[in-house]
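Welcome, and please have your viewer ready. We will go from the whole fold to single side chains, one selection at a time.

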Amino acid sequence: MMSLRKMVSCVILDLDGTLVNTDGIVSEVLKVYLAKFEKKWDGREALKIIGKTPIEAAAAIVDDYSLPLSKEDLLSEISPMFSDQWCKLKALPGAYRLINHLRGHGVKMALASNSPRDSIETKISYHSGWKESFSVIIGGDEVKEGKPSPEIFLEAAKRLSVDSSKCLVIEDSVPGIAAAKAAEMDVVAVPSLPKQSHLYTEATEVINSLLDLRPENWGLPPFEDWIDGTLPIEPWHIGGPVIKGYGRGSKVLGIPTANLSVEGYANVLAEHPAGVYFGWAKLSTRGFYKMAMSIGWNPYFNNTEKTIEPWLLHKFDKDFYGEELHLVVVGYIRPEANFPSLESLVAKIHEDGKIAENALELPLYAKYKDEAYFKSIALGQNSHL
């Protein structure tokens with residue numbers, strides 16, 4: 001557990017990529033738009049536009065794709081396309097929890113984004129209680145220079161009537177972190193780009209997702225929803241036939257994982273931060289089992305794509321490839337981490353398994369074992385989610 005870093009009295013939050021998942025919508029819109037020029041949006045370009053002001057992002061796209069129009073024209077053509085999509089914007093995991101927690105404890109909050117003010121208002125209008133939670137909302141069009149200039153954060157502190165050294169900034173982008181540092185504010189980075197944490201070294205602290213923020217490290221009231229080392233989450237489901245995985249579960253780790261194909265689940269996986277979760281598994285012919293699972297890139301093995309690896313907490317005498325496996329994921333244990341050695345990784349996995357095993361005895365989690373979702377599978381419905 002990290003010791004108290006500093007006492008802060010207010011929190012300034014970025015919006016896009018920090019509280020809401022804008023990146024997915026940006027990719028969708030640009031894919032459609034660039035197709036008109038017979039160009040293909042390449043997700044790797046995301047790095048050049050995340051956290052930038054709209055006009056800077058437009059300039060980068062015009063430049064990279066050699067488009068036959070000015071950055072201003074591009075912006076005026078794609079802005080309405082974006083506006084139509086904001087109603088689909090999902091809150092990132094932990095966003096509601098954080099906002100409700102801080103508001104409930106009377107902690108002052110500001111929203112400071114490079115997006116124009118009216119775009120911010122539209123985006124948050126789809127999220128109940130958000131607008132009322134912020135004492136100050138400030139857009140990139142209300143300051144002379146957007147991030148990485150510190151102006152937007154200094155202006156937010158001024159409007160909150162709080163000394164800037166008492167503000168904690170929460171940001172997902174490199175320009176946002178630079179702006180916070182220039183404003184001499186502490187900043188927690190929640191990188192929106194996977195596997196890019198080396199770009200965020202300027203931040204005071206880097207966390208994997210908002211679920212991992214520990215407000216008490218900043219002198220703010222702690223979350224009270226952790227139970228025996230686990231965090232209850234909104235349950236979600238995934239299922240399909242068990243496939244042959246990397247062959248390392250039983251061989252390398254001594255832990256037989258039941259791999260599921262991630263085909264068709266890319267969006268589901270994109271929505272959940274890399275980490276260790278737990279819940280109930282149902283094998284079509286054998287019944288229910290407790291399970292712990294990892295989602296992510298497994299830094300120790302350096303996967304190139306996000307995978308899901310459930311571990312059924314039971315000793316099976318033989319393989320069950322091809323059998324239908326359905327999972328209900330009900331809680332979160334910890335973020336994905338890298339390990340110095342195989343031994344330390346194995347020890348941690350066993351510790352995760354014990355935490356899951358014990359937690360699933362609690363009524364809060366045990367009740368999902370016989371929920372309607374599993375019953376409907378038993379009746380032969382929903383066999384393919």
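Here is a short tour of this predicted model, stop by stop.

**Stop 1: the whole chain.** Start with a cartoon view, where you will find 14 helices and twelve strands. The radius of gyration is 22 Å, close to the 21 Å from the globule rule for 385 residues, so the protein is as compact as a globular protein of that length. If you align the view to the principal axes, the C-alpha trace spans about 65 × 55 × 40 Å. Buried residues account for 50% of the 385. Of the contacts with a separation of 6 or more, 69% are between residues 24 or more positions apart. Switch on the surface: its accessible area is about 18,000 Å², and carbon and sulfur atoms contribute 53% of that.

**Stop 2: a nonpolar patch.** With the surface still on, select Leu47, Val174 and Leu199, which form a nonpolar patch with about 210 Å² of accessible area together. Leu47 belongs to helix H2 (residues 46-49) and is partly exposed, because its relative accessibility is 42%.

**Stop 3: aromatic rings.** The structure has eight aromatic pairs. Show Tyr33 and Phe37 as sticks: their rings make a tilted pair, 5.5 Å centre to centre with 55° between the planes. Tyr33 is buried at 2% relative accessibility, while Phe37 is partly exposed at 26%. Next, select Trp226, Tyr277 and Tyr332 to see one aromatic cluster.

**Stop 4: a long-range salt bridge.** There are 18 salt bridges to explore. Select Asp225 and Arg97, whose side chains meet at 2.7 Å, N to O. How many residues apart are the two partners? They are 128 residues apart, with Asp225 in the loop between strand E6 (205-206) and strand E7 (231-243), and Arg97 in helix H5 (residues 95-104). Asp225 is partly exposed at 27%, whereas Arg97 is buried at 16%.

**Stop 5: salt bridges within helices.** Move to helix H8 (residues 151-160), where Lys158 and Glu155 are three residues apart and therefore separated by about one helical turn. Their side chains form a salt bridge of 3.8 Å, N to O, and Lys158 is exposed at 60%. Now widen the selection to Arg117, Glu121, Lys131, Glu142, Glu155, Lys158 and Arg159, which are linked in a salt-bridge network.

Finish at helix H12 (residues 342-359), where Glu351 and Lys348 also lie three residues apart. Their salt bridge is 3.2 Å, N to O. Glu351 is partly exposed at 41%, and Lys348 is partly exposed at 25%.

Notes
Residues are numbered from 1 along each chain as its sequence is written. This is a predicted model: local features need pLDDT of at least 70, side-chain atom pairs count only at pLDDT 80 or more; totals for chains, interfaces and linings use all residues. Side-chain values use heavy atoms; hydrogens and water are left out. Patches are made of residues with over 30% relative accessible area and no salt bridge: like charges are joined within 9 Å, nonpolar side chains (Val, Leu, Ile, Met, Phe, Trp, Tyr) within 5 Å. Accessible areas come from the Shrake-Rupley method with a 1.4 Å probe; for residues, only the protein chains shown count as cover. A salt bridge is a side-chain nitrogen of Lys or Arg within 4 Å of a carboxyl oxygen of Asp or Glu. Helices (H or I, at least four residues) and strands (E, at least two) are DSSP runs, numbered from the N terminus. Buried means under 20% relative accessible area, exposed over 50%, partly exposed in between (1.4 Å probe, protein chains only). The radius of gyration is taken over C-alpha atoms; the globule rule is 2.2 Å times the number of residues to the power 0.38. Contact means heavy atoms within 4.5 Å. Rings of Phe, Tyr and Trp (its six-membered ring) pair if their centres lie within 6.5 Å; planes under 30 degrees apart count as stacked, over 60 as edge-to-face and the rest as tilted.
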